[in-house]
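Please read the following report alongside the sequence and the three-dimensional view. It goes from the layout of one chain to two loop residues and then to a contact between chains.

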Amino acid sequence: MHSNIFDRYLHTDSSIHRLAPQVKVVIAILFIFSNALLPDGDWLSFGISWAVIFLLNLLARLNWAYTLKRSIIALPFALAAITALFSLPGKTLAIWHLGSLELILTDAGLIRFLSIIVRSWLSVQIAILLVATTKFPDLIHALEHLRLPKMLVTVIAFLYRYMSVLTDEVIRLMRARQARSAVLPDKRGGGSLLWRARTAGNMVGQLFLRSYERSDRIYHAMLSRGYNGHLRTLNQHEMQVNDWLIIALAFLIIASLQLFAHTTG
Amino acid sequence: MYFSPTPLHIPDGFLSTIVSLISWAITITILSVAVKRTEKLDEKQVPLMGIMAAFIFAAQMINFPVAGGTSGHLLGGALAAIVLGPWAGMLVMTAVIGVQGLLLQDGGLLVMGANILNMGLLTAAIGFGLYKIGEGRKRTLKLGLAGLGAWLSVMAGALTTSLQLWLSGTARLDIVLPAMLGVHALIGIGETLITVSALAFIFRTRPDLLEQTEGPARGGRGWIFVGAAISFFVLILSPLASSNPDGLERVAGDLEFLAQGKDAPFSILPDYTLPFLGEGAFSTIAAGIIGALVVAIFVYFVVQNLRAAKKNI
């Protein structure tokens with residue numbers, strides 16, 4: 001499986017790509033934090049945030065349509081927020097009856113719902129920008145700089161290294177299952193629900209054993225190459241003066257956006 | 001096709017800042033303990049946990065058709081905790097949720113604390129706690145308990161997710177709670193079936209692997225209490241809150257939590273302003289920054305304490 005869907009932009013070179021990964025992580029989180037703090041219905045501030053993201057996309061030479069397409073991933077969750085439409089008191093726009101439930105659509109509820117969707121959409125784009133301009137191993141290394149426990153960082157590094165290997169394993173298991181599951185056109189294939197679930201369970205068990213035994217081999221292979229519990233990297237990603245300046249600049253921009261949003265709103 | 005997002009991965013923007021920060025504080029506290037406990041085990045444990053994280057990540061893709069085009073698949077928290085022990089299981093799930101959020105945008109960054117808590121920590125605690133009851137007993141009892149734990153773990157995740165959404169002012173409790181619990185009662189059955197048959201498979205082929213987690217080394221009998229307490233909470237609160245959401249709203253209203261969640265995203269301080277700065281944007285922003293700092297300092301001290309405790313061992 002081609003595991004890294006962001007590969008095609010990682011080899012592009014731009015000022016954003018060259019930033020130290022921990023700087024990008026900090027700025028991304030600050031920016032997402034800022035989205036969460038913007039007041040409901042402050043469309044102007046949302047628009048400014050989006051313009052900043054768009055500008056960063058241009059700077060990073062990403063394909064805008066691609067970011068847009070990927071940013072749809074969070075949309076299904078909007079279903080969970082749909083009840084926000086009916087949860088706030090305000091001017092009534094419409095009333096629906098659903099069984100015994102009376103749903104009153106208010107203007108305040110509508111603004112709240114749309115704000116949630118916009119915030120989420122902006123935040124997803126920031127996260128996309130982050131991973132599309134940073135190699136994931138560098139991102140993992142950045143987490144170590146940000147004082148995450150070394151052990152957790154190592155576990156994440158292993159997960160990243162082996163997820164495509166085990167994903168391939170899963171795809172082979174599923175292909176094997178499919179190959180054995182011939183279905184007549186007008187008949188339902190497979191046994192009962194219980195039987196199908198058990199087949200899936202056996203596949204999970206099989207995958208577990210293969211992974212477990214693989215981890216044994218990997219550990220011994222690493223041990224014989226001098227593994228001492230710490231993963232090393234060639235690029236140290238030490239913070240330079242430049243990096244601090246960029247963080248300060250980002251903080252200033254975000255702080256002024258917040259100030260603007262809360263004074264005008 | 002493969003990375004079907006589950007309804008439990010909350011994206012950014014859906015939780016208020018205060019709910020996100022409190023969830024992070026709880027998650028970081030529990031994870032610090034998990035890291036401390038797991039570091040005591042041998043160094044071979046770390047590559048094993050890494051591969052197991054990749055295993056859970058990949059196993060979540062294995063699905064089976066249920067009906068009408070829907071399919072059941074695994075969340076894996078309970079299974080990870082049963083085969084690896086609770087602390088290692090939590091770390092493995094954290095890595096999985098972290099990579100799903102960071103790399104695939106399946107779940108947000110600011111809300112990742114809540115996602116880890118709902119899908120990683122609670123699921124592992126319940127799954128292991130209930131499984132531990134059957135220690136030293138018959139295999140069928142163990143499998144039964146594992147199945148129950150798997151179902152309850154999904155329900156616990158659905159319950160806390162609905163509560164967080166509601167406290168953030170994103171959803172109405174009387175709709176979101178029954179909907180989430182109803183859907184996940186079914187998803188939980190898939191989780192149970194896969195977890196039980198996977199464990200049965202491992203019992204048949206490599207029983208030695210499952211015996212490793214027995215005994216107090218990976219997790220003591222205290223987990224039974226933890227698992228039972230969360231299960232009790234889920235089993236009592238779910239029907240109660242579903243049938244009488246107004247009651248819960250009233251309790252939260254009395255605690256003034258709801259108003260805080262709904263009106264302003266940052267509101268640890270009264271009226272979301274600092275009295276000496278008057279009422280205005282500066283005051284609100286300063287209050288927000290102070291609120292975030294309080295959470296950060298709290299987490300810092302917890303982590304420092306744990307580090308100090310580790311040195312003393």
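Which domains does the domain assignment give for chain A? The assignment, which is automatic or taken from a database, gives domain 1 (7-145 + 238-264) and domain 2 (157-180 + 190-224) of chain A. The centres of domain 1 of chain A and domain 2 of chain A, taken over C-alpha atoms, are separated by 35 Å.

This is a predicted model, in which local features need pLDDT of at least 70 and side-chain atom pairs count only at pLDDT 80 or more, while totals for chains, interfaces and linings use all residues. Residues are numbered from 1 along each chain as its sequence is written, and chains are lettered from A and ligands numbered from 1 in the order in which they are written.

Helices (H or I, at least four residues) and strands (E, at least two) are DSSP runs numbered from the N terminus, and by this account chain A has 11 helices and two strands. Read from the N terminus on, the elements of chain A follow the order α-α-α-α-α-α-β-β-α-α-α-α-α.

The C-alpha trace of chain A spans about 65 × 60 × 30 Å along its principal axes. Its radius of gyration, taken over C-alpha atoms, is 24 Å, whereas a compact globule of 265 residues would have a value near 18 Å, by the rule of 2.2 Å times the number of residues to the power 0.38. Of the 265 residues of chain A, 36% count as buried.

Two residues that are not glycine have a positive phi, and the table sets them side by side.

| Residue | Phi | Loop |
|---|---|---|
| A:R147 | near 70° | between α8 (136-145) and α9 (150-180) of chain A |
| B:Q105 | about 55° | between α4 (86-104) and α5 (112-133) of chain B |

Are these residues buried or exposed? A:R147 is exposed because 9 other C-beta atoms lie within 10 Å, whereas B:Q105 is buried because 26 do; a residue is buried at 20 or more such atoms, exposed at 12 or fewer and partly exposed in between, with C-beta atoms placed from the backbone.

Between the chains, 72 residues of chain A are in contact with 71 residues of chain B, where contact means that C-beta atoms, placed from the backbone, lie within 7 Å. Among the elements that give two or more residues to the side of chain A that touches chain B are α3 (21-37), α7 (107-133) and α11 (241-264) of chain A, and α10(A) gives the most, with 23 residues.

Terms used: Two residues are in contact if their C-beta atoms, placed from the backbone, lie within 7 Å.
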